[in-house]
Amino acid sequence: MAAAMGLRACGAKWPGWRLRCPWSPLTAGFCSRGLTGAGRPEPEPRPTSARQRDGIRKIVLSNPKKRNALSLAMLRSLQSDILHEADSKDLKVIIISAEGPVFSSGHDLKELTEENGHNYHAEVFQTCSEVMMQIQNHPVPVIAMVNGLATAAGCQLVASCDIAVASDRSSFATPGVTIGLFCSTPGVALGRTLPKKVALEMLFTGEPITAQEALSHGLLSKVVPEEQLEEETMKIAKKIASLSRPVLSLGKATFYKQLPQDLRTAYHLTCQTMVDNLTLQDGKEGVKAFIQKRKPIWSH
């Protein structure tokens, strides 16, 4: 509940899309082409696609020709796919991946020219910030599955996810300083994920780090060979999907809430959460099942 309230506080909108069949797109007809009526232009394809099965929602950045740049349209589409039926008991975990050799090249610089003006620029960065906050405030775990280059806001997206699995061919950078646009907003996520001096070296130089370096510094959860990436990511997602959503949601919200607190406040907060956890139906069921030496039957 706390996580859902956090989503609403970030300006979340809740589209009324319906799921169709296993791994079916969350939106109907987003890939349609051609005229839909006399004189109507072709609809633009959605820059993301989303499918869901067995509690696992796969969101794919689907604009490889533009290196999956986080344009305003891409950000809005990603936001819709993340927030779609976020309170549904059928959703247990989200995976964000990308088509092509680049996970995401960051913001679309063509949108950041002088011609578009201050208000448009502010909307781009505000929308991006909302997406990153909504990932953290989301009631289910969000996993980044990275195969390739993730730069600037693309690196920010990886750092904002709860778990990040990458192939050994991936690399990460915040190169904005090299074109005169310091990666200040990516620095928020990097500064909360990486050691300060590592984050600042990336921000000050723009130089990339390898997947193994990203793993050693805490940006990634795991690095695997490219051919094992999907299998390893799905292994994690399926394990999460097999567990109690209410327990995971409570735990995720509390984890992020206690992080900025002093030690005493953090323990006070988490002690109360443990007590609250025991009042949940699944909390009671889990303890009972352990004592009775059987598998728990989760509410959802």
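Two strands pair if DSSP finds at least two bridges between them; strands (E, at least two residues) and helices (H or I, at least four) are DSSP runs, numbered from the N terminus. The model here is predicted, so local features need pLDDT of at least 70, side-chain atom pairs count only at pLDDT 80 or more, and totals for chains, interfaces and linings use all residues. Residues are numbered from 1 along each chain as its sequence is written, and side-chain values use heavy atoms, with hydrogens and water left out.

**Exercise 1.** Find which residues are the bridge partners of Ile96 in strand 4, starting with strand 6.

*Solution.* Begin with strand 6 (residues 142–146), which runs parallel to strand 4 and is joined to it by three bridges. There, Ala144 is the partner of Ile96. Next, turn to strand 3 (residues 56–61), paired with strand 4 in the parallel sense over six bridges. Here Ile59 stands opposite Ile96.

**Exercise 2.** Decide whether strand 4 is largely enclosed or not.

*Solution.* Take buried to mean under 20% relative accessible area (1.4 Å probe, protein chains only). Five of the six residues of strand 4 (residues 93–98) are buried, so the rest of the structure largely encloses this strand.

**Exercise 3.** Work out how many disulfides the structure holds, and why Cys155 forms no bond with Cys183.

*Solution.* A disulfide is a pair of cysteine sulfur atoms within 2.5 Å. The closest cysteine sulfur to that of Cys155 belongs to Cys183, 8.4 Å away, which is too far for a bond. The structure holds zero disulfides. Now check burial: Cys155 is buried at 0% relative accessibility, and Cys183 is buried with a relative accessible area of 7%.

Conventions:
Buried < 20%, exposed > 50% of the residue type's maximum accessible area, 1.4 Å probe, protein only.
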